[in-house]
Amino acid sequence: MPQHVEFSISDLPSAEPGLERWGSTVDGAAEACLVIDAQQVVVAMSASFEQMLGLTQSPVSRPLLAEDGVLRLLDFADGKPLEQTEVARMPVVLALVSGRLARGLIRIECATGPCTFDAIATPLTEGGKTVGSLTFFSLIN
């Protein structure tokens, strides 16, 4: 004879807010990835990506792209720092600003010199509002 089972989800712990939840996931990821908030400040970065970049201090709570930022974006043509007008087109930023999936090649100064990555970024939303972005980087060279 079937039994009636009743259960309630009201006793379950509340879910972590979006950025913290994604940050926890990125912290443990083997892939090169990062999460930034709406102000383009690093919320989390995978250890593998930190090693590729040659970071000696934690990137968390630091600006991603400012002069003292975590990433040093390079121009493909001449290897110099990327112009600010071009930075807005980078997938990490574009996903945040547009609220849409963004993908493209980017060149970053790494510990071993300039590296080219295929970057794919997705906006992170809470309550219908974009609050950050999650980006995965695949090393091309």
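Which residue forms a salt bridge with Asp118? The partner is Arg103, and the closest N and O atoms of the pair are 2.5 Å apart. This link spans distant parts of the chain: Asp118 sits in strand 5 and Arg103 in strand 4, 15 residues apart. The model is predicted.

**Salt bridges**

The whole structure holds two salt bridges. The other one listed here joins the side chains of Arg89 and Glu86, at 3.3 Å from N to O. The table gives the accessibility of the four residues involved.

| Residue | Relative accessible area | Class |
|---|---|---|
| Asp118 | 19% | buried |
| Arg103 | 61% | exposed |
| Arg89 | 56% | exposed |
| Glu86 | 28% | partly exposed |

Asp118 counts as buried because its 19% relative accessible area falls under the 20% cut-off. Its partner Arg103 is exposed. In the other pair, Arg89 is exposed, while Glu86 is partly exposed.

**Overall fold**

The protein chain has four helices and six strands. Along the sequence they follow the pattern α-β-β-α-β-α-α-β-β-β. The chain has 141 residues, and 39% of them are buried. Take the contacts between residues at least 6 apart in sequence: 40% of these join residues at least 24 apart. The exposed surface comes to about 8,700 Å². Carbon and sulfur atoms supply 53% of that area.

**Nonpolar cores**

The largest nonpolar core contains 24 residues. Phe49, Ile108 and Phe137 have the most contacts inside it. Several elements each supply at least two of its residues: strand 1 (32–37), strand 2 (42–45), helix 2 (47–53), helix 4 (91–98), strand 4 (102–110) and strand 5 (113–126).

What does Phe49 touch, leaving out residues up to four places away in sequence? Its contacts are Ala32, Cys33, Leu34, Leu71, Ile108, Phe117 and Phe137. Ile108 and Phe137 thus appear both in this contact list and among the core residues with the most contacts.

Apart from the largest core lies another, of nine residues. Its members include Val26, Ala29, Cys33 and Val35.

**The hairpin of strands 1 and 2**

How do strand 1 and strand 2 run, parallel or antiparallel? They are antiparallel, joined by three bridges. Ile36 stands opposite Val42 of strand 2. Four residues lie between the two strands of this hairpin. Gln40 takes a positive phi there, near 65 degrees. Both strands also contribute to the largest core, each with at least two residues.

Conventions: Residues numbered from 1 in each chain as written. Predicted model: local features only at pLDDT ≥ 70, side-chain atom pairs only at ≥ 80, totals over all residues. Heavy atoms only, no water. Core = buried A, V, L, I, M, F, W, Y, C linked by side-chain atoms within 4.5 Å. Buried < 20%, exposed > 50% of the residue type's maximum accessible area, 1.4 Å probe, protein only. Contact = heavy atoms within 4.5 Å. Areas by Shrake-Rupley, 256 points an atom, 1.4 Å probe, with all protein chains shown as cover. Pairing = 2+ DSSP bridges. Salt bridge = Lys/Arg side-chain N within 4 Å of Asp/Glu carboxyl O.
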